[in-house]
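Grab the model and a coffee, and let's work through a few exercises. Try each task yourself before reading the solution under it.

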Amino acid sequence: MPNYQEILEQAAQRVQPLLREGKVANYIPALAEQPLEQFSVSLHTVDGETYSAGDTEAKFTIQSVSKVMTLTLALQRYGDELWSRVGKEPSGTAFNSLTQLEFENGIPRNPFINAGAIVTCDALYSRLSAPIHTMLESYRAMSGNDKLCINKVVAQSEYDHRYRNAAMAYLMKSFGNFNNEVEDVLWSYFNFCAIEMNTTELAKSFSYLSSQGYCNLSKQRILTKKQTKQMNSLLFTSGLYDAAGDFGYRVGMPGKSGVGGAIIAIVPNRFTISVWSPGLDKVGNSLAGIAALEYLSNELGTAIF
Ligand code: DON
């Protein structure tokens, strides 16, 4: 068995020179304040072992990584019916692009770009009486930490600067692909994005994706085996937006990034990896995070191909 702890520590060492190269997300004012030079990595195996290195206690908001859980909870409730409202194709455009949405009649390309996640939130909102509470409880059960919280300063900051996401939601509403009040759904969406945790909790929360849909921490089936395969396939093609091809080429694992600097990567039947470093590349993905995953992919032989 590889020495996971040693390899994670080597990854944390190797990315140190890269930490200053990225830029923190500044379109969300509350995120712009975090110091650049931070890095953490965790690996949670299907046998329930966890390894971590770097700034392992540091907490961050998971941002777009939350879109994976939103889709998961929506698929639990709708199954394949959900795909009438959101597509499964890579967008090739930025995560917050509006252009395709008009050409494609208010049906977002996939559930991981903002428009797709917001319409998925709308679907979920229709089936839950307290969506923010349900979401938080799901993360608490699956991460094994019943104290996980939402960073309300970040959620409010995003809501106060919601213009672009609001534009997408109203455009979808104009096409008849939105059922609830836009402002209510956006508030839920921003709260989901502002759930705060460290990399250990993040790797555990998404361990079901490497365990064929079963979460060992909550002892619950989260997705069927087939849905888990489908989710990982979608993550591979669209999890990193217009950089999905480059990420696939360098890392070779299904993954999902967030503008807070977090990324999860899945190795089916082996482990879930999470990395975090707030400095982003030009596309909006963690620069050191991707470099660390590339290193781990090579060292651990994790590529699924
Ligand atoms: O809605 C937004 O723009 C953010 N809350 C999430 C975007 C995000 O994380 C994109 N990821 N790289």
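What follows is a set of tasks, each with a step-by-step solution.

**Ground rules**

This is a predicted model, in which local features need pLDDT of at least 70, side-chain atom pairs count only at pLDDT 80 or more, and totals for chains, interfaces and linings use all residues. Residues are numbered from 1 along each chain as its sequence is written.

**Exercise 1. Find out what confidence the predictor gives the protein and the complex.**

Step 1: start with pLDDT, the predictor's confidence in each residue, from 0 to 100. The protein averages 96, and 100% of the residues score at least 70.

Step 2: turn to the complex, where the ipTM is 0.98 and the pTM is 0.98.

**Exercise 2. Describe the shell around the ligand.**

Step 1: count the residues whose C-beta atom, placed from the backbone, lies within 6 Å of the ligand. You should get 13, the closest being Gln-63, Ser-64, Cys-193, Gly-258 and Val-259.

Step 2: sort them by class. Ala, Val, Leu, Ile, Met, Phe, Trp, Tyr, Cys and Pro count as nonpolar, Asp, Glu, Lys and Arg as charged, and the others, Gly among them, as polar. The tally is 3 nonpolar, 9 polar and 1 charged.

**Exercise 3. Compare the settings of Gln-63 and Asn-269, two non-glycines with positive phi.**

Step 1: read the angles. Phi is about 50° at Gln-63 and about 70° at Asn-269.

Step 2: place them, taking helices (H or I, at least four residues) and strands (E, at least two) as DSSP runs numbered from the N terminus. Gln-63 is in the loop between strand S3 (60-61) and helix H2 (66-78), while Asn-269 is in the loop between strands S9 (262-267) and S10 (271-276).

Step 3: check burial by counting other C-beta atoms, placed from the backbone, within 10 Å: 20 or more is buried, 12 or fewer exposed, and in between partly exposed. Gln-63 has 26 such neighbours, so it is buried. Asn-269 is exposed because its count is 10.

**Exercise 4. Work out how helix H2 is covered, and by what.**

Step 1: check the span. The expected value is 1.5 Å times one less than the number of residues. H2 has 13 residues and reaches 18 Å between its first and last C-alpha, close to the expected 18 Å.

Step 2: count burial. In H2, 10 of the 13 residues are buried, among them Ser-66, Lys-67, Val-68 and Met-69.

Step 3: look for the cover, using contacts (C-beta atoms, placed from the backbone, within 7 Å). The cover includes helices H4 (114-127), H5 (131-143), H8 (182-193) and H10 (225-238), plus strands S5 (195-197) and S8 (255-257).

Step 4: zoom in on Lys-67, a residue of H2. Lys-67 has 28 C-beta neighbours inside 10 Å, so it counts as buried. Beyond its neighbours within four places in sequence, Lys-67 contacts Pro-111, Phe-112, Ala-117 and Lys-256.

Step 5: leave the helix at its end, where Gly-79 follows H2 with a positive phi, near 60°.

**Exercise 5. Follow helix H8 into the nonpolar core.**

Step 1: H8 has 12 residues and reaches 16 Å, close to the expected 16 Å. Since 9 of those 12 residues are buried, H8 is largely enclosed by the rest of the structure. Tyr-189 is one of the buried ones.

Step 2: find the largest nonpolar core, meaning a set of buried Ala, Val, Leu, Ile, Met, Phe, Trp, Tyr and Cys residues joined through C-beta atoms within 7 Å. It has 94 residues, and Ala-11, Ile-118, Tyr-189, Ala-292 and Leu-293 touch the most other members.

Step 3: list the partners of Tyr-189, skipping residues up to four places away in sequence: Ala-117, Ile-118 and Cys-121.

Step 4: set this beside the general pattern. In soluble globular proteins, nonpolar side chains tend to be buried together.

**Exercise 6. Locate Ile-266 and describe its surroundings.**

Step 1: Ile-266 lies in strand S9 and is buried, because 28 other C-beta atoms sit within 10 Å.

Step 2: outside four places in sequence, Ile-266 contacts Leu-209, Ser-210, Asn-232, Leu-235, Met-253, Pro-254 and Thr-272.

Step 3: try a C-alpha distance. Ile-266 and Phe-236 are 30 residues apart in sequence and 9.4 Å apart in space.

Definitions and conventions
A residue is near a molecule or strand if its C-beta atom, placed from the backbone, lies within 6 Å of it. Two residues are in contact if their C-beta atoms, placed from the backbone, lie within 7 Å. A nonpolar core is a set of buried Ala, Val, Leu, Ile, Met, Phe, Trp, Tyr and Cys residues joined through C-beta atoms within 7 Å.
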